[in-house]
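Trainee: I'd like a close look at one part of this model, the way its helices pack against each other. Could you walk me through that, and then through the charged pairs around it?

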Amino acid sequence: MKNAVILTGHGQIASGIYSSVKMIAGEFENIRICEFKEGENYEKLDEKLEKAYEDLKAYDNIVVLADIGGGTPFNRAVLSLSKYDKISFVSGVNFEMLYYALTSEIADLDLYIKDIIDHAKASVFRFE
């Protein structure tokens, strides 16, 4: 696979969403989970994010998916990892976004990000 994911968020949202993906699609090697737990300091989260990046840096692209744009996990990811090439940051993670981020073979980073956001948006609808 060309692409990898660092999934981050408050509490256990990251591992929770990934557990749903695993239930339907199985395990993936191209993901690392970085949870920001209650009482944890920024430095600990930064360490987890850096370790996740190191584990995945052989991939062509890495996307950081976070629960809330502007939240601590998103902000710390940007501060810790934006110095690297071929990395992008997206907030508002949902099941569809994560699944497509993990399975996409799109090599161009901008097209890859557009594709996962488009799939995430399409998964949100009102039934009438």
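Mentor: Here is a walk through the helix pairs, one residue at a helix contact, and then the salt bridges. Keep in mind that this is a predicted model.

Two packed helices are described by the angle between their axes and the distance between those axes. So let's take each pair that way, and then see who does the touching.

Start with α2, which covers residues 42–56, and α3, which covers 72–81. The axes of α2 and α3 cross at roughly 60° and come within 9 Å. Angles from 35 up to 65 degrees fall in the oblique class, so α2 and α3 are oblique to each other. As for handedness, the crossing of α2 over α3 is right-handed. On the α2 side, the contact is made by Tyr42, Leu45, Asp46, Leu49, Glu50 and Tyr53. From α3 come Thr72, Pro73, Arg76, Ala77, Ser80 and Leu81. Sorted by class, that contact has 7 nonpolar, 2 polar and 3 charged residues.

Leu45 deserves a stop of its own. This leucine sits in helix α2 and is buried, its relative accessible area being 0%. What does Leu45 touch, once residues up to four places away in sequence are left out? The list is Thr8, Cys34, Glu35, Phe36, Glu40, Thr72, Pro73 and Arg76. Thr72, Pro73 and Arg76 are also among the α3 residues that make the contact with α2. Thr8 is a nice one to pick out in the viewer: Leu45 and Thr8 are 37 residues apart in sequence, while their C-alpha atoms are 9.4 Å apart in space.

Next pair: helix α1 (residues 13–25) and helix α4 (residues 95–103), whose axes come within 10 Å and cross at roughly 60°. That makes α1 and α4 oblique to each other, and their crossing is right-handed. In α1 the residues involved are Ile17, Tyr18, Ser20, Val21, Ile24 and Ala25, and they meet Phe95, Leu98, Tyr99 and Leu102 in α4. By class, this contact comes out at 9 nonpolar, 1 polar and no charged residues.

α4 also packs on helix α5 (residues 109–122), at an angle of about 150° and with the axes 7 Å apart. Since anything over 145 degrees counts as roughly antiparallel, α4 is roughly antiparallel to α5. α4 passes α5 in a right-handed crossing. Here α4 contributes Glu96, Met97, Tyr100 and Ala101, while α5 contributes Tyr112, Ile116, His119 and Ala120. The class count for α4 with α5 is 6 nonpolar, 1 polar and 1 charged.

Now the charged pairs. The structure holds 10 salt bridges, and a few are worth zooming in on.

Glu50 brings us back to α2, where it is one of the residues in contact with α3. Its side chain meets that of Lys83 in a salt bridge, 3.1 Å from N to O. This pair links distant parts of the chain: Glu50 is in helix α2, Lys83 is in the loop between α3 and β4 (87–91), and the two are 33 residues apart. Glu50 counts as partly exposed, at 21% relative accessibility, whereas Lys83 is exposed, at 58%.

Stay in that loop between α3 and β4 for a moment, as Lys86 lies there too. Lys86 is not a glycine, yet it has a positive phi of about 55°. At 52% relative accessibility, Lys86 counts as exposed.

Glu35, which we met as a contact of Leu45, pairs with Lys37 in a salt bridge of 4.0 Å, N to O. Is Glu35 buried or exposed? Glu35 counts as buried, because its relative accessibility is 10% and the cut-off for buried is under 20%. Lys37, at 43%, counts as partly exposed.

One more pair to look at is Glu54 with Lys57, where the closest N and O atoms are 2.9 Å apart. Both partners are partly exposed: Glu54 has 39% relative accessibility, and Lys57 has a relative accessible area of 48%. Finally, salt bridges that share partners join Arg32, Lys51 and Asp55 into one network.

Technical notes: Residues are numbered from 1 along each chain as its sequence is written. This is a predicted model: local features need pLDDT of at least 70, side-chain atom pairs count only at pLDDT 80 or more; totals for chains, interfaces and linings use all residues. Side-chain values use heavy atoms; hydrogens and water are left out. Axes are lines fitted to C-alpha atoms, for helices over the stretch in contact, and angles run from 0 to 180 degrees between N-to-C directions. Helices (H or I, at least four residues) and strands (E, at least two) are DSSP runs, numbered from the N terminus. Angles under 35 degrees count as roughly parallel, over 145 as roughly antiparallel, 65 to 115 as roughly perpendicular and the rest as oblique. A crossing is left-handed if the near helix is turned anticlockwise from the far one by less than a right angle, and right-handed if clockwise. Contact means heavy atoms within 4.5 Å. Ala, Val, Leu, Ile, Met, Phe, Trp, Tyr, Cys and Pro count as nonpolar, Asp, Glu, Lys and Arg as charged, and the others, Gly among them, as polar. Buried means under 20% relative accessible area, exposed over 50%, partly exposed in between (1.4 Å probe, protein chains only).
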